[in-house]
Amino acid sequence: MKFTKKTAAIAAALLAVSLTACGDDSSGTGAPSNNSLPPTGGYVYQLSVNEATQTLIVTSSREVGNCVLAGEEPLWLDGGLKVYADTNTYEFKGDSLILHSFETYDGHVHDHKNIFIGKNNGRLYGTWEQLLCDDDDDDGAKDCHLSPYATYTITFTQSTATTNFSLRENADFTKTDLVYHIVESLYNGGRSSEIYASDFDDQDQGGPEFDVFLQENNITYQKVSNKQANFTINGQVYTFSLTSAEESMESRLVEATVTTLSSTCYLKDFEEAISKETCNSHNIYDMSGFHECGTVYAPDGTVYDILIHENSLSNIKEFRECIRSIAQQPSSDIPLLYKRAAKESGHSKKNSWFKKF
């Protein structure tokens, strides 16, 4: 299992059913969804623990509602105060904690496992950091490791569970998937469309695979800082700089530049979950909404087909075009390994973060 988007995974471990994008009413009546997300940094849940059965009952109360498009204007439909409750189980394996959350669909009960590591001597209480795990198996997960870019923790007391998320300030952001696909595009003439701002803290093809790509294509890499690096491609020097990187449990801002001696490509990508305040102020950049969320019914019976679930502002298309304009001419000997990897990945990261809520 890989985080997509990872900040939601901690909350999912605690409230797997309640944090949904399109409401939690399976009857299709379009009950208000929970779009009032945790504040920056984390969220505190009320907790009841049964150590004998290793069971957690997690509850939270908050104001909920939907932001819908009424004609061409956003409108907030207040859902009032709602109480969420979810039951999870837990177990220990060595210095690891496995949280089990259960969801029923397709007539089967599915066990979602989230793995954490800590130094709490086999006791629940204390702080646990979540691991990134590649694949679930009968034992829970395999190939687990800490994220090199961010920390995701849960702190348990006898009455609360507090989630927290933060970027690692000194992490190396020069060999992420974002940079990999930029360099790949610069090398092959701008043909890559795999450049997504949300990849700024992912490393599916970054790291060791990136090193192989650089070596096999005679691309020189020079690290200037943890957020800036120079790449020399066929004699042309390109400088990548991550100028802004801010991420919380409800928003993300990424700004970056790619420069040559004569050109600069500028990337800005901003996303946040819609709040009551944002909706009422009409300070919304993208009101395209999510049609797949279905119909939303107002208390007076009015039907709205568009739910505005996120606020986004991105120049990613213009950035890709700019990269294409400064890229080297396509090379005929791009290793087949990377052609196949790019084709098989086929991931579209846009909006994937908020679809987890």
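Accessible areas here come from the Shrake-Rupley method with a 1.4 Å probe.

**Figure 1. Overview of the predicted model****.** The protein has 357 residues, and 52% of them count as buried. About 16,500 Å² is exposed. Carbon and sulfur atoms supply 48% of that area. The secondary structure comprises seven helices and 18 strands. Among contacts with a separation of 6 or more, 61% are between residues 24 or more positions apart.

**Figure 2. The open sheet of six strands****.** The strand order is β11-β12-β13-β14-β15-β18, with antiparallel pairing. At the edges are β11 (220-225) and β18 (310-314), each paired on one side only. From one strand to the next, the twist averages 15°. Strands of a sheet pair through backbone hydrogen bonds, either parallel or antiparallel.

**Figure 3. Close-up of β12 and β13, with helix α2****.** Strand β12 covers residues 228-233, and strand β13 covers residues 236-247. The two run antiparallel and are joined by six bridges. I233 has Q236, in β13, as its bridge partner. Helix α2 (residues 177-187) lies across β12, β13, β14 (251-259) and β15 (264-273). The helix runs at about 25° to β12.

**Figure 4. Surroundings of N88 in strand β3****.** Strand β3 spans residues 73-93. N88 has a relative accessible area of 0%, so the residue is buried. The side chains of N88 and D86 are joined by a polar contact of 3.5 Å. H100 is twelve residues from N88 in sequence. C-alpha to C-alpha, N88 and H100 are 5.6 Å apart.

**Figure 5. Surroundings of G65 in strand β2****.** Strand β2 spans residues 55-70. G65 is buried because its relative accessible area is 0%. W76 is eleven residues from G65 along the chain. The C-alpha atoms of G65 and W76 are separated by 6.9 Å.

**Figure 6. The disulfide of C67 and C279****.** A search of the whole structure finds three disulfides, and this view shows the pair C67 and C279. Their sulfur atoms are 2.2 Å apart. The torsion about the S-S bond is about 80°, so the link is right-handed. C67 sits in strand β2 and C279 in helix α4 (residues 276-281), so the bond ties together parts that are 212 residues apart in sequence. C67 is buried at 0% relative accessibility. C279 is also buried, with a relative accessible area of 0%.

**Figure 7. The disulfide of C133 and C144****.** The S to S distance is 2.1 Å. With 110° about the S-S bond, this link is right-handed. C133 belongs to strand β7 (residues 132-135) and C144 to strand β8 (residues 142-145), so the pair ties together parts that are eleven residues apart in sequence. C133, at 2% relative accessibility, is buried. C144 is partly exposed, with a relative accessible area of 32%.

**Figure 8. The disulfide of C265 and C322****.** The sulfur atoms of C265 and C322 are 2.0 Å apart. The torsion about the S-S bond is about -85°, so this disulfide is left-handed. The pair links distant parts of the chain, 57 residues apart. C265 lies in strand β15, and C322 lies in helix α5 (residues 316-326). C265 has a relative accessible area of 0% and is therefore buried.

Terms used:
Residues numbered from 1 in each chain as written. Predicted model: local features only at pLDDT ≥ 70, side-chain atom pairs only at ≥ 80, totals over all residues. Heavy atoms only, no water. Helix = DSSP H or I, 4+ residues; strand = E, 2+ residues; numbered from the N terminus. Buried < 20%, exposed > 50% of the residue type's maximum accessible area, 1.4 Å probe, protein only. Contact = heavy atoms within 4.5 Å. Pairing = 2+ DSSP bridges. Axes fitted to C-alpha atoms, helices over the stretch in contact; angles between N-to-C directions. Polar contact = N/O pair within 3.5 Å; in protein donor to acceptor, adjacent residues only side chain to side chain. Disulfide = S-S within 2.5 Å.
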